[in-house]
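Notebook open, viewer loaded. I'm going to poke around this one and jot down what I find.

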Amino acid sequence: MTSKQPTDRIRRSPEQVRAAVHQAVIDLLSDPKGEDLNIPAIAQRASVNHTSIYRRWGSLDALLADMVTSRLERDSPLNDTGSLRGDLLAWAEASVASIRTPEGRALVRAVILSMPNSPQAQDERAQHFRRRMHSIEQIRQRATARGENPPPLEQILDQLVAPFYLRAIFGIDPPATGYPEVLVDRLLGATGTAY
C-alpha cells in the first residue's frame, strides 16, 4: 500500500471528511489514466486514513451508494415553472448539464460500480431509483394540481430518463442543443419533434 498519511493533518469535521472522500471518488473516476478505484487510493487522494473510510462506510459499495444518494438529494429540488412541459424541460436540461460534467459522468460510473448482485445491493439500487424518481413524481403531482394530465411515471422513465443514462453509461454526450426539448415533446405527444 502506498498511502501516505501526513502527520500534520488538520482535524476536519465529519462532513468535511465526507466531502473530501466524495470528491476523491469523483476525481479518481474522472481520471483519464484510469487508476483503480479502491479505498487506499481514495484515502490517499482525500488525505484521510483508510481506516476512517472503513469505519464510516465499511466497504467501497457503501461509500459509492452514499455518494450517489448525497448527489441525488442535492440535485432533487426543482423550481415550479408553471407547466408540466416547463418542469420536465427544466429537469431534462439539468440532467444533460450534469451528465456533461466530469462529476456527472463519475456519478453514473459510481452507480454502475455499486451494483453487485447481492440482495442488499438490489435494495440500495431500488432506494436510489426511488430518490431519483421522487423529483419526477413531484413534477407529476404539481401538474395534476394545475389540472394538467401528466404521463405515467413509467412512461416518463422510459422516454425521458432512460435516454440520458443510457448515453452516460456508454460515454456518449447528449447533443449540444435541442435534445431535452425533443425528448420532452415526444413524451408529451407534440408533433414535429424529429431530431
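Among contacts in the protein chain between residues at least 6 apart in sequence, what percentage joins residues at least 24 apart? I looked it up, and the figure is 67%. Note to self: this is a predicted model.

**Entry 1: the overall layout.** I went through the secondary structure and got 9 helices and 0 strands. Reading along the sequence, I just wrote α-α-α-α-α-α-α-α-α. The chain has 195 residues, and 39% of them count as buried. I also looked up the surface: about 10900 Å² is exposed, with carbon and sulfur atoms supplying 53% of that.

**Entry 2: the cores.** Next I checked the largest nonpolar core, which has 23 residues. Val21, Val25, Leu37, Ile42, Val48, Ile53 and Leu63 are the members that touch the most others. Which helices give this core at least two residues each? I noted α1 (14-30), α2 (39-46), α3 (50-57), α4 (60-75) and α6 (102-113). The largest share is from α1, with 8 residues. Then I found a second, separate core of 22 residues, and Val108, Ile139, Phe164 and Tyr179 are among its members.

**Entry 3: helix α8.** I followed α8 (residues 153-169) and hit a kink of about 45° at Ala162. The proline Pro163 comes shortly after that kink. Which residues of α8 are buried? My list reads Ile156, Leu157, Leu160, Val161, Pro163, Phe164 and Ala168. So Pro163 is on the buried list, given that buried means under 20% relative accessible area. Just past the end of α8, I saw that Gly171 has a positive phi of about 70°.

**Entry 4: the greasy patch.** Leu166, Ile169, Phe170 and Ile172 make up a nonpolar surface patch of about 430 Å². I picked out Phe170, which sits in the loop between α8 and α9 (179-187). Is Phe170 buried or exposed? Its relative accessible area is 62%, so I put it down as exposed.

**Entry 5: an odd serine.** Ser47 caught my eye in the loop between α2 and α3. Its phi is positive, about 55°, although Ser47 is not a glycine. I checked how open Ser47 is, and it comes out at 31% relative accessibility, so I wrote "partly exposed". The cut-offs for that label are 20% and 50%, and 31% falls in between.

Terms used. Residues numbered from 1 in each chain as written. Predicted model: local features only at pLDDT ≥ 70, side-chain atom pairs only at ≥ 80, totals over all residues. Heavy atoms only, no water. Bend = angle between axes of the 7 residues up to and from the residue. Helix = DSSP H or I, 4+ residues; strand = E, 2+ residues; numbered from the N terminus. Buried < 20%, exposed > 50% of the residue type's maximum accessible area, 1.4 Å probe, protein only. Core = buried A, V, L, I, M, F, W, Y, C linked by side-chain atoms within 4.5 Å. Contact = heavy atoms within 4.5 Å. Areas by Shrake-Rupley, 256 points an atom, 1.4 Å probe, with all protein chains shown as cover. Patch = residues over 30% accessible without salt bridge, like charges linked within 9 Å, V, L, I, M, F, W, Y side chains within 5 Å. Salt bridge = Lys/Arg side-chain N within 4 Å of Asp/Glu carboxyl O.
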